[in-house]
Amino acid sequence: MVRLGETVVIKIRVYLKLLRPFTLLAPLIVSSSVILASLVSSGTTNLTFVTLLWTILAASLCFALLNGASNVLNQATDWKEDALSKPYRPIPQGIITPKEAFKISFFLYAVAILFSLTVHILFSVFISVIAFFSITYSLTPRMKKFLFINQVWVALPRGFFGIVGSWSVFGNPFKPLPLAMGCVAALFLFGGTATKDILDADADRTVGTKTLVNVFGLKIASIFSLIFMIGAFSIILPLVYFHIIPAQIFPLTFLSFLSVIIGWLMFLKHKNTKCENTSAWTLMYATYFLFALSFATITIFFSA
């Protein structure tokens, strides 16, 4: 009985390692903050506290489950590359098989889609679209292997559809504000997603996966990423000037300074041992947190 309990605990630890818990913070923080902003902005008052709480938790959990499913699927399909660049992961170590990881991944996808139906149909459509992008990123036609397309396949679901889908929980996702913020997020992630490919450059090259880093080199990749990350926050200025979004959003342009630091850390190839990736990747995630939290806080404050 004791051995059975120990085995279960070990399995749970392995599954959690596959999920990569740190990366689940982004969808949780981004989605919950944007959902709250959409609630306040829409002026929804006809729902009970229990209904509101369940809706927010269920919707946020959907995004976290999708991210976890994507992480597991990516490891199931990329275990050969991981054996070269990240041999400490569960599959290269032989602790878990790719087949078992596939089962875990699609179980998480199924749960996320089922949960999304408890929110409403439009939200479920957004969740399904995000799932489509993350599945086809790793499986046939495996968009991960195509230069630039692989960055689009990360930026759209995690940036644009992440913001717009979160806003749809209580608000109209087709209004200028969520659409504009979704575009900002997508542009930022289009540039920032290259930070995750730095340590995998050689391993990706061996299996024919083309990334910005292993095709053009770290220096050019850093400059390219920097242009898009700065550009993402810079477009807020014309959006405010032409009254597409409220003037209160303008301070988010100052996140461009963090983008400069990300580009610099990317060029240095500084590794963050706690997060199994580079410091540039860690700061990129943190900047995205700050963007979502700031956007939500400003929207809530000026809508109240």
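**Helix α14 and a nonpolar surface patch**

The exposed residues F257 and W264 lie on the face of α14 that is turned away from its buried side; exposed denotes over 50% relative accessible area, buried under 20%, and partly exposed the range in between (1.4 Å probe, protein chains only). The model is predicted, so that local features require pLDDT of at least 70 and side-chain atom pairs count only at pLDDT 80 or more, while totals for chains, interfaces and linings use all residues. Residues are numbered from 1 along each chain as its sequence is written, and side-chain values use heavy atoms, with hydrogens and water left out.

Helices are DSSP runs (H or I, at least four residues) numbered from the N terminus. Helix α14 comprises 13 residues (256-268), and the 19 Å between its end C-alpha atoms agrees with the 18 Å expected at 1.5 Å a residue, the expected span being 1.5 Å times one less than the number of residues. Its buried residues are S256, S259, I262, G263, L265 and M266. Because these fall within an arc of 165° seen down the axis of α14, they line one face of the helix. Their cover includes α9 (176-192), α11 (212-216), α12 (218-234) and α15 (279-303). Just after α14, K269 adopts a positive phi of about 60°.

Elsewhere in the description, L114, L117, I121, L122, V125 and F174 make a nonpolar surface patch of about 600 Å². Two or more residues of this patch are given by each of α6 (98-117) and α7 (121-138), and the largest share, three residues, comes from α7. L114 is found in helix α6 and counts as exposed because its relative accessibility is 56%.

Conventions
Patch = residues over 30% accessible without salt bridge, like charges linked within 9 Å, V, L, I, M, F, W, Y side chains within 5 Å. Areas by Shrake-Rupley, 256 points an atom, 1.4 Å probe, with all protein chains shown as cover. Salt bridge = Lys/Arg side-chain N within 4 Å of Asp/Glu carboxyl O. Arc of directions from axis to C-beta. Contact = heavy atoms within 4.5 Å.
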